[in-house]
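The following exercises invite the reader to examine a structure step by step. Each task is followed by a worked solution.

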Amino acid sequence: FPSHDTASAAIDITLRVGLPQCELGTYVSSVIPTFGLPGTRGRDEASAAVNASWYNQTAGTIIVEAVRDTIPAPGSLGASYGRFFSVSDGTLNNAYSCGTIAAQVNVYTAVTSGGVETMAFSSLPMTAGAITRCGLAISNASARMALNGTLSGASDSTCTMPTATTMTIGQRSDFSLETTWSGWIRTVNYYPLRLPNSTLQDLTA
């Protein structure tokens with residue numbers, strides 16, 4: 001704030017800083033609210049209800065930019081199928097999501113409707129500590145995943161889009177420890193239409 005004192009007189013001020021927080025790390029992290037005592041970081045649990053004002057139940061595209069932390073040990077945070085995002089009815093029976101598969105090396109996308117997996121892509125590798133851009137374009141007619149500008153598989157996959165009520169970021173719909181993303185979600189962009197494969201490549205390159 002500007003302050004002017006031409007007479008060199010003492011100025012008595014009070015500064016109040018809300019939620020001061022210093023952490024060693026590469027990226028900005030969310031606030032840890034504390035009240036008089038130190039606190040430890042818990043996992044962020046971000047979710048939003050989907051509705052017709054912005055979400056399309058028959059087609060859509062999600063583009064995520066994320067950074068993977070170190071490969072987690074079995075049984076720890078994100079050790080199995082850590083998710084960039086999940087869109088579901090709150091159960092695992094009707095959901096589509098994108099994240100890593102158990103070995104934490106390849107990116108995996110799956111669509112489940114009525115308890116039946118109707119589409120899955122799992123062949124694209126990612127590197128811990130590097131920025132990864134992943135996209136899923138989906139409709140009742142076809143679906144395709146892209147990672148860092150490369151399309152998955154040799155062709156589109158047919159699938160059935162599940163009816164959704166909730167989108168979760170960095171989690172699967174059940175918020176289980178082992179499916180929590182171990183790293184950072186930098187951006188999430190949703191488009192209420194199935195974008196062309198060429199656009200999917202451009203947005204993830």
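**Exercise 1.** Determine which strands each supply at least two residues of the lining of the second largest pocket, and describe that lining.

*Solution.* Step 1: the strands in question are E3 (83-88), E4 (95-100) and E5 (106-113). The model in which they are found is a predicted one.
Step 2: the pocket itself, the second largest, has a volume of about 200 Å³.
Step 3: the residues that line this pocket include Tyr 81, Arg 83, Ser 86, Tyr 96, Tyr 108, Glu 117 and Arg 172.
Step 4: sorted by kind, the lining residues comprise six nonpolar, three polar and three charged.

**Exercise 2.** Locate Ile 13 in the chain, classify Ile 13 as buried, partly exposed or exposed, and identify the patch to which Ile 13 belongs.

*Solution.* Step 1: Ile 13 lies in the segment before strand E1 (46-49).
Step 2: the relative accessibility of Ile 13 is 46%, and therefore Ile 13 counts as partly exposed; the partly exposed class lies between the limits of 20% and 50%.
Step 3: together with Ile 11 and Leu 15, Ile 13 forms a nonpolar patch on the surface. The accessible area of these residues together is about 310 Å².

**Exercise 3.** State where Trp 184 is placed, how accessible Trp 184 is, and what distance separates its C-alpha atom from that of Ala 66.

*Solution.* Step 1: Trp 184 belongs to strand E11, which covers residues 183-191.
Step 2: Trp 184 counts as partly exposed because its relative accessibility is 27%.
Step 3: although Trp 184 and Ala 66 are 118 residues apart along the chain, their C-alpha atoms are separated by 5.6 Å.

Note on methods: Residues are numbered from 1 along each chain as its sequence is written. This is a predicted model: local features need pLDDT of at least 70, side-chain atom pairs count only at pLDDT 80 or more; totals for chains, interfaces and linings use all residues. Side-chain values use heavy atoms; hydrogens and water are left out. On a 1 Å grid over the protein atoms alone, a cavity is a set of points where a 1.4 Å probe fits but cannot get out, and a pocket is an open set with protein on both sides within 12 Å along at least five of seven lines; lining residues have an atom within 4 Å of a point. Grid points are joined across faces, edges and corners, and a volume is the space filled by probe spheres set on the points. Helices (H or I, at least four residues) and strands (E, at least two) are DSSP runs, numbered from the N terminus. Ala, Val, Leu, Ile, Met, Phe, Trp, Tyr, Cys and Pro count as nonpolar, Asp, Glu, Lys and Arg as charged, and the others, Gly among them, as polar. Patches are made of residues with over 30% relative accessible area and no salt bridge: like charges are joined within 9 Å, nonpolar side chains (Val, Leu, Ile, Met, Phe, Trp, Tyr) within 5 Å. Accessible areas come from the Shrake-Rupley method with a 1.4 Å probe; for residues, only the protein chains shown count as cover. A salt bridge is a side-chain nitrogen of Lys or Arg within 4 Å of a carboxyl oxygen of Asp or Glu. Buried means under 20% relative accessible area, exposed over 50%, partly exposed in between (1.4 Å probe, protein chains only).
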